[in-house]
Amino acid sequence: MANSDYILEMRHITKSFGAVVALSNGCVRAKSGEVNALIGGNGAGKSTLIKILSGYQPADSGDILFNGEKVEINSTVEAQNIGIKTIYQELALFEKMNVYENMYVGRELTIDRKPIKWLKVLDLKAMKQNALNEIKRMGFNIPNIFSKVMFMSGGQRQAIACAKALMGGAPSVLIMDEPTAALGVKEAGEIIDLMKRYRDEGAAIILISHNMRTVFEVASEITVMRLGETVAALKKEDTTEEEVVGLMTGAIENITDGRNMIGEYDL
Ligand SMILES: Nc1ncnc2c1ncn2[C@@H]1O[C@H](COP(=O)(O)OP(=O)(O)O)[C@@H](O)[C@H]1O
Ligand SMILES: [Mg+2]
């Protein structure tokens with residue numbers, strides 16, 4: 001049975017790439033209106049876990065529960081259709097395309113011209129206008145949507161990636177994989193503010209971050225992974241920066257007292 005407070009739970013996920021066991025027991029969950037920070041050292045399996053959630057790749061075993069029901073997420077489109085939106089660690093932008101082209105690549109808007117059904121005419125006007133509106137709505141400063149991404153700063157690129165991921169309707173689950181890793185303080189602040197806005201509007205957020213200050217500022221729950229395994233799920237107020245870093249590195253092997261909620265994945 002699911003823990004009904006959580007809109008989403010990933011339970012005991014495994015995933016191997018050939019001989020590499022990326023996940024031996026990946027667990028994470030998310031509650032509407034809250035941030036769950038997913039932390040762990042490099043190679044711990046964080047990105048692999050959330051790529052399964054966003055339909056980018058399948059798990060070998062384990063369950064995904066959405067609103068308490070088991071679901072299968074077989075593609076990124078299926079994930080988006082149930083409201084799971086993802087801002088990936090590797091910015092999936094095309095250097096030689098401009099801003100609105102990047103936002104609509106693979107899902108271009110077309111004008112319906114009936115006589116020749118197979119002839120698709122791109123609706124450039126609508127794509128440009130929508131792209132502008134989305135960027136404005138999110139409060140980002142992108143001076144020129146006709147400029148190629150290769151000429152943009154890290155912060156502008158991350159803003160475009162966010163606008164692209166969040167286009168069209170509020171997410172029910174928002175996954176952010178190290179969204180501020182390559183950014184300066186001011187730009188990182190803008191992305192975190194955006195995340196807080198979605199959180200306050202009711203989205204359930206999974207934030208992967210190495211920045212413990214951010215984690216302890218925004219998260220309600222902290223989920224710690226080590227070597228492909230989720231080792232702890234702790235309420236922020238029940239733990240400290242020192243403790244979760246110890247869990248990440250293995251200096252603290254485990255938390256076996258009542259603070260560790262990891263057993264709730266078996267309820
Ligand atoms: N497509 C892949 N092919 C082979 N190995 C992979 C692939 N994706 C991830 N891995 C491996 O899985 C492990 C976990 O990686 P990852 O999920 O990216 O970790 P994290 O995001 O926590 O740094 C690493 O050992 C990584 O090299
Ligand atoms: Mg990663």
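Welcome! The protein chain in your viewer has eight helices and 12 strands, and the model is a predicted one.

**The whole chain**

Start with everything selected. Along the principal axes, the C-alpha atoms fill a box of roughly 65 × 40 × 40 Å. The radius of gyration is 19 Å, which agrees with the value near 18 Å that a compact globule of 267 residues would have. If you colour by burial, 48% of the 267 residues count as buried. Contacts reach far along the sequence too: among those with a separation of 6 or more, 65% join residues 24 or more positions apart.

**Stop 1: Thr-14 in strand 1**

Select residues 8-17, which form strand 1, and pick out Thr-14 within that strand. Thr-14 has a relative accessible area of 21%, so Thr-14 is partly exposed. Now add Asp-60 to the selection. Asp-60 lies 46 residues away along the chain, while the two C-alpha atoms are separated by 5.5 Å. Asp-60 is also one of the residues that Thr-14 touches; leaving out residues up to four places away in sequence, the others are Leu-23, Ser-24, Ala-59 and Ser-61.

**Stop 2: Gly-33, a link across the sequence**

Move on to the loop between strand 2 (20-30) and strand 3, where you will find Gly-33. Gly-33 counts as partly exposed because its relative accessibility is 30%. Which residues does Gly-33 touch, beyond those up to four places away in sequence? Show Arg-199, Gly-202, Ala-203 and Ala-204 to see them. Take Ala-203 in particular: 170 residues separate Ala-203 from Gly-33 in sequence, and 5.2 Å separates their C-alpha atoms in space.

**Stop 3: Asn-67 and Ile-73, two loops**

Next, select Asn-67 in the loop between strand 4 (61-66) and strand 5 (69-70). Most residues other than glycine have a negative phi. Asn-67 is not a glycine, yet its phi is positive, about 50 degrees. Is Asn-67 buried or exposed? Its relative accessible area is 53%, so Asn-67 is exposed.

Continue to Ile-73, which sits in the loop between strand 5 and helix 2 (76-81). With a relative accessible area of 12%, Ile-73 is buried. Display its surroundings: setting aside residues up to four places away in sequence, Ile-73 touches Leu-53, Ser-54, Gly-55, Ile-64, Glu-78, Ala-79, Ile-82 and Ile-84. For a distance to try in the viewer, Ile-73 and Gln-57 are 9.1 Å apart from C-alpha to C-alpha, and 16 residues apart in sequence.

**Stop 4: helix 5 and helix 6**

Select residues 154-166 for helix 5 and residues 185-200 for helix 6; their axes come within 9 Å and cross at roughly 20 degrees. That angle is under 35 degrees, so helix 5 runs roughly parallel to helix 6. The crossing of the two helices is right-handed.

Now turn on the side chains where the helices meet. Helix 5 brings Gly-155, Gln-156, Gln-158, Ala-159, Cys-162 and Leu-166, and helix 6 brings Glu-187, Ile-191, Leu-194 and Tyr-198. Sorted by type, the residues of this contact are six nonpolar, three polar and one charged.

While you are in this region, find Glu-178 in the loop between strand 9 (173-177) and helix 6. Glu-178 is another residue other than glycine with a positive phi, here near 45 degrees. Its relative accessible area is 13%, so Glu-178 is buried.

**Stop 5: helix 8 and its cover**

Select residues 241-249, which make up helix 8, and highlight its buried residues Glu-243, Val-244, Gly-246, Leu-247 and Met-248. What covers these buried residues? Show strand 3 (35-40), helix 7 (212-218), strand 11 (221-226) and strand 12, which are included in the cover. Just after helix 8 comes Gly-250, with a positive phi near 100 degrees.

**Last stop: Lys-235 in strand 12**

Strand 12 spans residues 229-235, and Lys-235 belongs to this strand. Lys-235 counts as partly exposed because its relative accessibility is 37%. Not counting residues up to four places away in sequence, Lys-235 touches Ser-220 and Met-261. Finish by selecting Glu-264: from Lys-235 it is 29 residues along the sequence and 13 Å in space, C-alpha to C-alpha.

Technical notes: Residues are numbered from 1 along each chain as its sequence is written. Chains are lettered from A and ligands numbered from 1 in the order in which they are written. This is a predicted model: local features need pLDDT of at least 70, side-chain atom pairs count only at pLDDT 80 or more; totals for chains, interfaces and linings use all residues. Side-chain values use heavy atoms; hydrogens and water are left out. Axes are lines fitted to C-alpha atoms, for helices over the stretch in contact, and angles run from 0 to 180 degrees between N-to-C directions. Helices (H or I, at least four residues) and strands (E, at least two) are DSSP runs, numbered from the N terminus. Angles under 35 degrees count as roughly parallel, over 145 as roughly antiparallel, 65 to 115 as roughly perpendicular and the rest as oblique. A crossing is left-handed if the near helix is turned anticlockwise from the far one by less than a right angle, and right-handed if clockwise. Contact means heavy atoms within 4.5 Å. Ala, Val, Leu, Ile, Met, Phe, Trp, Tyr, Cys and Pro count as nonpolar, Asp, Glu, Lys and Arg as charged, and the others, Gly among them, as polar. The radius of gyration is taken over C-alpha atoms; the globule rule is 2.2 Å times the number of residues to the power 0.38. Buried means under 20% relative accessible area, exposed over 50%, partly exposed in between (1.4 Å probe, protein chains only).
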